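Open the model in your viewer and keep the selection box at hand. Each stop below says what to select and what to look for.

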Amino acid sequence: MPKRASSDRWRIAPRAKLDLAALDAGSKAGAPGDKAATRMVSAELRARLDDLQARLYAEGSRSLLLVLQGMDAGGKDGTIRSVFAGVNPQGVRVATFKPPTSHELAHDFLWRVHAQAPADGEVTVFNRSHYEDVLVVRVHNLVPEQVWRGRYAHIRAFEQLLHDEGTTIVKVLLHISKEEQRRRLQARLDDPRKRWKFDRADLDERLYWDDYQQAYQDAIIRTTASHAPWYVVPGDRNWYRDWAVLSILVKTLERMDPQFPEAPAGIEGLIVP
Ligand code: AMP
Ligand code: MG
């Protein structure tokens, strides 16, 4: 059995200091080997994730929520594709959060989010999330400061509610460097297979890089909790990032330790005619 990462490496403890600028987005710390060796370990973790997901579904009484956040071109889509490549498609649901519609905006900011929370037995991935309401909304002053400031407490209460009702929450920031974002946005321009993803607005957002980093840092510090921890995963290298997120999920599910239900009484030794 290869050594498994201690996912604690990336976890932000409550009341810990966090300086995103000081965290190396290109880090390979703790990786089980070079790119090829790490990918082999990731393949084993995928198989483990598939088994744990099957158990969680069969058990049918608890759920797992992965909140994925990151800058534009931060690797959210690629992470979802890679991490869940080996899992039963019926067992995972991805909820993607775009700018709110006018209908959604007419409600509180958690309204559309709560509706996507996982049901018993489910694994749900939030591709962006309620955190946008203290990130992009803060950076662009889409609501008054007093309103977005109040949202940290609402987010904490919301996540406490989900936790108390049986949802295990894991929150991951895919942390890339500004230079890596430049490379990836340029690749979207240069590679015909990626061009559809290029969005002019991403260039405007890039000008607000420092404001976003500050917003992320504050959001993470204010909402990381033992029952809803934030993990900051170095994201410049895809193979490291995939392995890290797989490690975090497998570790989380192993702690949950979902069990296949007991067989109903009276079926021992039954033969199907
Ligand atoms: P993409 O991830 O490229 O599909 O872009 C989704 C866009 O939706 C991003 O620019 C987000 O900032 C934006 N977005 C998501 N949630 C919200 C929100 N609550 N308020 C404003 N913009 C949002
Ligand atoms: Mg985009």
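**Stop 1: Asn141**

Select Asn141. This residue is exposed, because its relative accessible area of 62% is over the 50% cut-off. Keep in mind that you are looking at a predicted model. Asn141 sits in the loop between helix H5 (136-139) and H6. Check its backbone: phi is positive, about 50 degrees, although Asn141 is not a glycine.

**Stop 2: Arg15**

Now go to Arg15. Which loop holds Arg15? The loop between strand S1 (11-12) and helix H1 (35-59). Arg15 has a phi near 65 degrees, a positive value in a residue other than glycine. Its relative accessibility is 80%, so Arg15 counts as exposed.

**Stop 3: ligand 1**

Select ligand 1 and show the residues around it. They are Phe97, Lys98, Pro99, Pro100, Arg112, Arg128, Glu132, Asp133, Val136 and Val137. Colour this shell by type: 5 residues are nonpolar, none is polar and 5 are charged.

Next, look at some atom-to-atom distances:

- Pro99 uses its backbone: an N or O atom there lies 3.2 Å from an oxygen atom of ligand 1.
- Arg112 uses its side chain: an N or O atom there is 3.1 Å from a nitrogen atom of ligand 1.
- Asp133 also uses its side chain, with an N or O atom 3.1 Å from a nitrogen atom of ligand 1.

How much of ligand 1 does the protein bury? Taken alone, ligand 1 exposes 500 Å², and the protein buries 75% of that.

**Stop 4: aromatic pairs**

Show the aromatic side chains. The model has 7 aromatic pairs. Start with Phe97 and Phe126, an edge-to-face pair. Their ring centres are 5.0 Å apart, with 80 degrees between the planes. This pair links distant parts of the chain, 29 residues apart. Phe97 is in the loop between strand S3 (92-96) and helix H3 (102-105), while Phe126 is in strand S4 (residues 123-127). Both Phe97 and Phe126 are buried. You have met Phe97 already, as one of the residues around ligand 1.

Next, select Trp148 and Tyr152. These two also form an edge-to-face pair, 6.4 Å centre to centre, with 85 degrees between the planes. Both lie in helix H6 (residues 145-164). They are 4 residues apart, about one turn of the helix. Are these two residues buried or exposed? Trp148 counts as buried because its relative accessibility is 5%. Tyr152 counts as buried too, because its value is 2%.

Then select Trp10, Trp239, Tyr240 and Trp243. Together they form one aromatic cluster.

**Stop 5: Asn127 and Asp77**

Return to strand S4 and pick Asn127, which is placed there. Its relative accessibility is 8%, so Asn127 counts as buried. What joins its side chain to that of Asp77? A polar contact of 2.9 Å.

**Stop 6: helix H9**

Select residues 209-223, which make up helix H9. How far apart are its end C-alpha atoms? They are 21 Å apart. That agrees with the expected span, because 15 residues at 1.5 Å a residue should also give 21 Å. The expected span is 1.5 Å times one less than the number of residues. Now colour H9 by burial. Its buried residues are Trp209, Tyr212, Gln213, Ala215, Tyr216, Gln217, Asp218, Ala219, Ile220 and Thr223.

**Stop 7: two C-alpha distances**

Select Ser42 in helix H1. Ser42 counts as buried, because its relative accessibility is 3%. Now add Ser247. Ser42 and Ser247 are 205 residues apart in sequence, yet their C-alpha atoms are 8.1 Å apart in space.

Finish with Leu110. This residue lies in the loop between H3 and helix H4 (111-114). Leu110 is buried, because its relative accessible area of 11% is under the 20% cut-off. Add Ile176, which is 66 residues from Leu110 along the chain. The C-alpha atoms of Leu110 and Ile176 are separated by 27 Å.

How values were computed
Residues are numbered from 1 along each chain as its sequence is written. Chains are lettered from A and ligands numbered from 1 in the order in which they are written. This is a predicted model: local features need pLDDT of at least 70, side-chain atom pairs count only at pLDDT 80 or more; totals for chains, interfaces and linings use all residues. Side-chain values use heavy atoms; hydrogens and water are left out. A residue is near a molecule or strand if one of its heavy atoms lies within 4 Å of it. A polar contact is a pair of N or O atoms within 3.5 Å; within protein, one must be able to donate a hydrogen and the other to accept it, and residues adjacent in sequence count only if both atoms are side-chain atoms. Accessible areas come from the Shrake-Rupley method with a 1.4 Å probe; for residues, only the protein chains shown count as cover. Ala, Val, Leu, Ile, Met, Phe, Trp, Tyr, Cys and Pro count as nonpolar, Asp, Glu, Lys and Arg as charged, and the others, Gly among them, as polar. Helices (H or I, at least four residues) and strands (E, at least two) are DSSP runs, numbered from the N terminus. Buried means under 20% relative accessible area, exposed over 50%, partly exposed in between (1.4 Å probe, protein chains only). Rings of Phe, Tyr and Trp (its six-membered ring) pair if their centres lie within 6.5 Å; planes under 30 degrees apart count as stacked, over 60 as edge-to-face and the rest as tilted.
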